Amino acid sequence: MNEITLLKYLKNSRGSSIYDIIKEFKLSRTAVIYHLNNLLKSNLITSYKQSRKIVYIANTGDTINDYFNSQIKSLQDNLKEINNLDIVKRRSRGQKLNLVIPNYFDLTLNSKNILKKYYNLVDYSDTQLYLTQDEFVNRTRDADVILNNWACDITADVLDKLPNLQYMHLSTHMYRYVDIGACKKHSVRVSNIPYSYKSIAISEFLISQTFALLRQTIPASTQVQSGVSDFRFFKGSQLRGKKAIIFGVDDGTKDLVQSLKSLGVEVSIYTEDKNENPAIYGLSRFASKFEVFNSADLFYVSWTGDENKALIGKLNHNFLDQIVNPVYIISVFKHKEIDFDCIRELIYLGKIKGIAFDYFPDVSIGDSRASEVSKILYLPNVIITPDIAWYTQDSVINMNKTSVDRLVAYAKGDDSYLLI
Amino acid sequence: MIFTSIDIPFVKKTYFDQIRNISQISKIITYPDSPVNNFEVIRRIGTSDIITQDIFVNINKNIIDSSPNLKAIFCQSVGYDNIDHVYAKSKGIKVYNCPGFNANAVAEFAFSLITSLFRKIPSAQSHVKSGGWMYRYFEGNELMGKTVGIIGYGHVGSRISQISKGYGLKVLVTLHDSTKKIASNYVDNIVSLNKLLQKSDIVILAVPLTKDTLHLIGKTEIGLMKTTSILVNVSRHTVVDEYALASSLIHHKIFGAALDLMITEPFNVKNYSVEIQEMVNLPNVIVTPHIAGVSKESSVTLGNMFVQNIKNYLNGDLTNCINL
């Protein structure tokens, strides 16, 4: 779907909610919000509140007419350019495109051989994971296609230096490190992989973090290693019978609800989107704000990427100050807002019984905040892991298979899975 | 009757207050510390009619013979292997335990150990604390689709099988009595011990300590396990030959192990051989200080069951009496 189509739909429908758009175009919520925000910024649409929902409507007048005319012209120009592109001529002559894997990626020999049938492969997959943008450009300068394992942020400046690039496949589900608007302007197609490659890994990891917090497994084993053995320090708590709240919904919510219910946990979801249907998650209703902060034992914090939400995905003062009943907080996402100082204070006060995050802010050595932020690592019931929630043998196999399948599909001319 | 707790009580004081209110109990004696030797145990029992003690205090033949008034022993635990219950029975002394009070706590803790091992959480946490941030060192394993072998199917084993099904695990069980049938939706197959060891990705021990289960898992049995498998022991430590296990882990015969108890308790790793010390510090081994059954919820269940056992005994009810 492109934005002209969405604009046309909003014009014809005389106003639609996010839920209506998702239903019409069968897109993810994140993608819909992204396109709506672009249209809002360009003053092509307006939003207003209608009873309990937000409705988007196309503007009228010269602005929108000018926009349609400019888009039509742009499409006509692009078509001329495509016909002239040497790379398309190369493909039509049966020549292979150049595929570059610029950073560490766990590809099997078999997978590489499959890719070599369709591409000239330039392979840096046994090198480092993270690159600077300059290193990235140096390695991918002649690439027609890139298999990007989150090497670095892909900005307009980077794309300017890659004149041949026509397609970038991202080996991740999340793609906020890529400037999608810049990719569109540079006519670079982009694909990612669906969440399902890691859904089991994530839901199992969330439960394992929960067990580790509730039963203090790590400090108990550390105690034994140090030569002491006293069970009285470690009176844990059982998971069965606890009340868990999941903040926000995302692709993995259904799996998590099922896993927790099978362990005898009472599960509820807090969402700020009134169009969500609790029945999808096997629930009869969603939780109220009072309920979540006054009676829950466990918080699982999702990331929806929606900056318009008040509480979802944000572990800031606004969220944390509302905690009444002491809770454990578990999350595997890289939230944009986490107030570690506030969390530390609440741990001291007993309002937060423990946290398990798979993320930690990138605070450089020499930054005066580093020592303050790092203090939380040494509190007794704090587990911080280095982005391993998704990382299992099975998810790596799934990720690689999907990546290879999409690259092969592109080489064969199939573009049904592309994001843009 | 005189009721004496000859060791530091495991149950909370509030439960002793409930016992105090029982009309047949004329006196309760408690001690703030553990007895240092058998003489002290005998002295503390004195003329008591009923006693309770910790699992680390052995009530052997000598102590029983030296306690002429003793009529009943109440365990604050599931296990009673510290009591010569056979000899106690011959002397008309009833022994009561608290079966199943901590089954859920133990089962959940077994999965805490399994998931911590499979996802390498302790070593990942340690890596972050030392300043690292490299996910590549911690490739984990998922549970879904794997096979769990449960040795023993009592309260703990059955709860483990229920949790296993929630994870999508295939469940194999081996029983001491091979003719016994289990009617359960949570068990896929009942197999022999050897077959269970050969087929399982996760082997969990959930058996009481008896003469049949002593060193049930030794070098030969570990040799049958897959090199990618893990062993989890939430039974008594002597069910596993820990020296054989240490050697197997050091030589990578199996992937990892998690033990909630060690050779003797309280356990001080520094008192043991180099191999045991090396095993305890391996990144693929977790040893915890006998905390599987310790939770706030199980403490409440234990306290209630303990008081009820005393009331039952005084009323002639033999529920939870293990040496009928």
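Which residues of helix H11 of chain A, residues 217-225, are buried? Keep that in mind as you open this predicted model, and let us start the tour right there.

**Stop 1: a helix in chain A**

Select residues 217-225 of chain A. The buried residues in this helix, H11(A), are A:Thr217, A:Ile218, A:Ala220, A:Ser221, A:Gln223 and A:Val224. Now show their surroundings. Within chain A, these buried residues pack against helix H10 (199-215) and strand E16 (382-384). From chain B, they meet H5, H6, helix H11 (274-280) and E12. Before moving on, click on A:Gly227, which follows H11(A) and has a positive phi, near 105°.

**Stop 2: the contact between the chains**

Colour the two chains separately and select the residues that touch across the boundary. You should have 61 residues from chain A and 57 residues from chain B. Together the chains bury about 5300 Å², with carbon and sulfur atoms giving 57% of that area. Show B:Arg119, B:Trp133 and B:Tyr135 as sticks: these residues supply 16% of the area that chain B buries against chain A, more than any other three residues.

**Stop 3: polar links across the interface**

Next, pick B:Glu297 and A:Lys242. They form a salt bridge, and their closest N and O atoms are 2.7 Å apart. How many salt bridges does the rule find across the interface of chain B and chain A? The count is one. For polar contacts, the count between the chains is 26 residue pairs.

Stay on the chain B side and highlight H5 (103-118), H6 (121-129), H7 (155-166), E12 (285-287) and H12 (296-314). Each of these elements supplies at least two residues to the side that touches chain A. The largest share, nine residues, comes from H5(B). By class, this side of chain B has 28 nonpolar, 17 polar and 12 charged residues.

**Stop 4: the nonpolar cores**

Finally, turn to the interior. The largest nonpolar core has 101 residues, and A:Tyr300, B:Phe111, B:Ile160, B:Ile202 and B:Val232 have the most contacts inside it. Here H5(B) appears again, giving the largest share of this core with 10 residues.

Centre the view on B:Val232. Leaving aside residues up to four places away in sequence, B:Val232 touches B:Ala110, B:Leu113, B:Ile114, B:Ile202, B:Val203, B:Ile204, B:Leu205 and B:Ala258.

Apart from the core of 101 residues lies another core, of 33 residues. To find this one, select A:Tyr270, A:Cys342, A:Leu346 and A:Leu379, which are among its members.

Technical notes: Residues numbered from 1 in each chain as written. Chains lettered and ligands numbered in written order. Predicted model: local features only at pLDDT ≥ 70, side-chain atom pairs only at ≥ 80, totals over all residues. Heavy atoms only, no water. Contact = heavy atoms within 4.5 Å. Buried area = accessible area lost by both parts, 1.4 Å probe. Salt bridge = Lys/Arg side-chain N within 4 Å of Asp/Glu carboxyl O. Polar contact = N/O pair within 3.5 Å; in protein donor to acceptor, adjacent residues only side chain to side chain. Helix = DSSP H or I, 4+ residues; strand = E, 2+ residues; numbered from the N terminus. Nonpolar A, V, L, I, M, F, W, Y, C, P; charged D, E, K, R; others polar. Buried < 20%, exposed > 50% of the residue type's maximum accessible area, 1.4 Å probe, protein only. Core = buried A, V, L, I, M, F, W, Y, C linked by side-chain atoms within 4.5 Å.
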